[in-house]
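Colleague: I'm new to this, so please walk me through one part slowly: the places where charged side chains pair up. Then show me how that part sits in the rest of the protein.

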Amino acid sequence: MAGGNQSSVFEFLLWGLSEQPEQQHRLFLLFLWMYLVTVAGNLLIILAIGTDTRLHTPMYFFLASLSCADILFISTTVPKALVNIQTQNRSISYVECLTQLYFFLTFGDMDIFILTTMAYDRYVAICHPLHYTMVMSRRCCIIPVTACWTLTSLVAMTHTFLIFRLSFCSKKIIPDFFCDLGPLMKVSCSDTQVNERVLLFLGGAVILIPFGLILVSYIRIVSAILGVPSAQGRYKAFSTCGAHLAVVALFFGTVIRAYLWPSSSSSSSIGEDTAAVVMYTVVTPLLNPFIYSLRNKDMQGALGRLLRGKVSFSCGQ
């Protein structure tokens, strides 16, 4: 059955998060809680940054962009999973599956690029503080974020089009709780060599090149911080980068495990893959607001003023 001819009636069945019926209710409550907390937490971050003029700086502009991407990222997968658990219906239409795949790849790659941009922002702030205002101007902040959205859309479109060319026959149970590249290729009954090569090279580039740039940025940052004479100055510099490093380690570690680490088709391997996917699709967006706000006094102050209603809207950066 050709990919282009099956869009109207063809459906997939999502494996889900667990095969145990007694676990479905607990999984529904857990994922509903994580989704609501993630959306609420990231919305608070966006509102706090947008309403507090003291946070109208490049660092917080990128943080607000990351929070926006995280909301869209988790909203692409979790609501459908919750509906399937509640209705005990695992079906997802062909069109809905490819649409979910496109937006999942777009917002997931957006997280990667924004984290890379945030690392560059910290590099300029710490290693070239005298040039920071000029290098990270308002225009220089908007351009890379816009470029990131454009690039991620093109990458997602490429992968989605290649999946569209595949055929899917009788075996149509996707071993995941949403439509992703690897599971879709596993249930295809046509040749997936082109898809696998594009995933390896294009997907590898999208993941490993930003990861390498982040590592280089932080090697330079650590070298610069170690040269700061005062212990208080070193502590302040490390504290501004620690939260970002924690998010990078959690996100990239699980992404590399899910996409670039070879896995078998055994049930234990599928379970490990699902755990890695849950970590970067659900847990990381959930933790980001807490990681970035718990040790950030400026963010804590802005959130406090927002919750007390003492805010002043402004469009300036």
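Modeller: One bit of vocabulary before we dig in: a residue is called buried when its relative accessible area is under 20%, exposed when that area is over 50%, and partly exposed in between. Also, keep in mind that this is a predicted model.

Now to the charged pairs. Side chains of opposite charge can pair when their charged atoms come close. Searching the whole structure turns up four salt bridges. Let's start with Arg54, whose side chain meets that of Asp52 at 3.2 Å, N to O. Arg54 has a relative accessible area of 59%, so it counts as exposed. Asp52 has just 5%, which means it is buried.

Asp52 has another partner, too: the side chain of Arg305 forms a salt bridge with it at 2.5 Å, N to O. Where do Arg305 and Asp52 lie? Arg305 belongs to helix α10 (residues 297–307), and Asp52 sits in the loop between α1 (24–51) and α2, so this pair ties together parts that are 253 residues apart in sequence. As for cover, Arg305 is partly exposed, with a relative accessible area of 22%. Put the shared partners together and Asp52, Arg54 and Arg305 become one network.

Elsewhere, Arg122 and Asp121 make a salt bridge of their own, at 2.9 Å from N to O. Both Arg122 and Asp121 are buried.

Okay, let's zoom out to see what surrounds these pairs. The protein has 10 helices and three strands. Going along the sequence, they come in the pattern β-α-α-β-α-α-α-β-α-α-α-α-α. An unreviewed UniProt entry lists "transmembrane region" features, including residues 61–81 and 101–120. In the model, residues 61–81 are 100% helix, with the end C-alpha atoms 31 Å apart. Residues 101–120 are 100% helix as well, and there the end C-alpha atoms are 29 Å apart.

Let's stay with the first of those stretches for a moment. Ser65 is part of helix α2 (residues 58–87). With 12% relative accessibility, Ser65 counts as buried. Setting aside neighbours within four places in sequence, Ser65 is in contact with Ile114 and Val145. Leu63, with neighbours within four places again left out, contacts Ile45, Ile49, Met118, Tyr292 and Met299.

Leu63 and Met299 turn up again in the largest nonpolar core, which has 88 residues; both are among those with the most contacts inside it. Helix α3 gives the most to this core, with 17 residues. That helix covers residues 94–127, and Thr116 is found in it. Thr116 is buried at 13% relative accessibility, and it touches Pro210, Leu213 and Ile214 if you don't count residues up to four places away.

Contacts between parts far along the chain are part of the overall picture. Among contacts between residues at least 6 apart in sequence, 79% join residues at least 24 apart. Buried residues make up 48% of the 317 in the protein.

Finally, a look at the outside. Leu13, Trp15 and Ile173 make a nonpolar surface patch of about 260 Å². Ile173 lies in strand β3 (residues 173–174) and is partly exposed, because its relative accessibility is 45%.

Technical notes. Residues numbered from 1 in each chain as written. Predicted model: local features only at pLDDT ≥ 70, side-chain atom pairs only at ≥ 80, totals over all residues. Heavy atoms only, no water. Helix = DSSP H or I, 4+ residues; strand = E, 2+ residues; numbered from the N terminus. Buried < 20%, exposed > 50% of the residue type's maximum accessible area, 1.4 Å probe, protein only. Contact = heavy atoms within 4.5 Å. Patch = residues over 30% accessible without salt bridge, like charges linked within 9 Å, V, L, I, M, F, W, Y side chains within 5 Å. Areas by Shrake-Rupley, 256 points an atom, 1.4 Å probe, with all protein chains shown as cover. UniProt positions renumbered as here; feature names shortened; annotations may be inferred. Core = buried A, V, L, I, M, F, W, Y, C linked by side-chain atoms within 4.5 Å.
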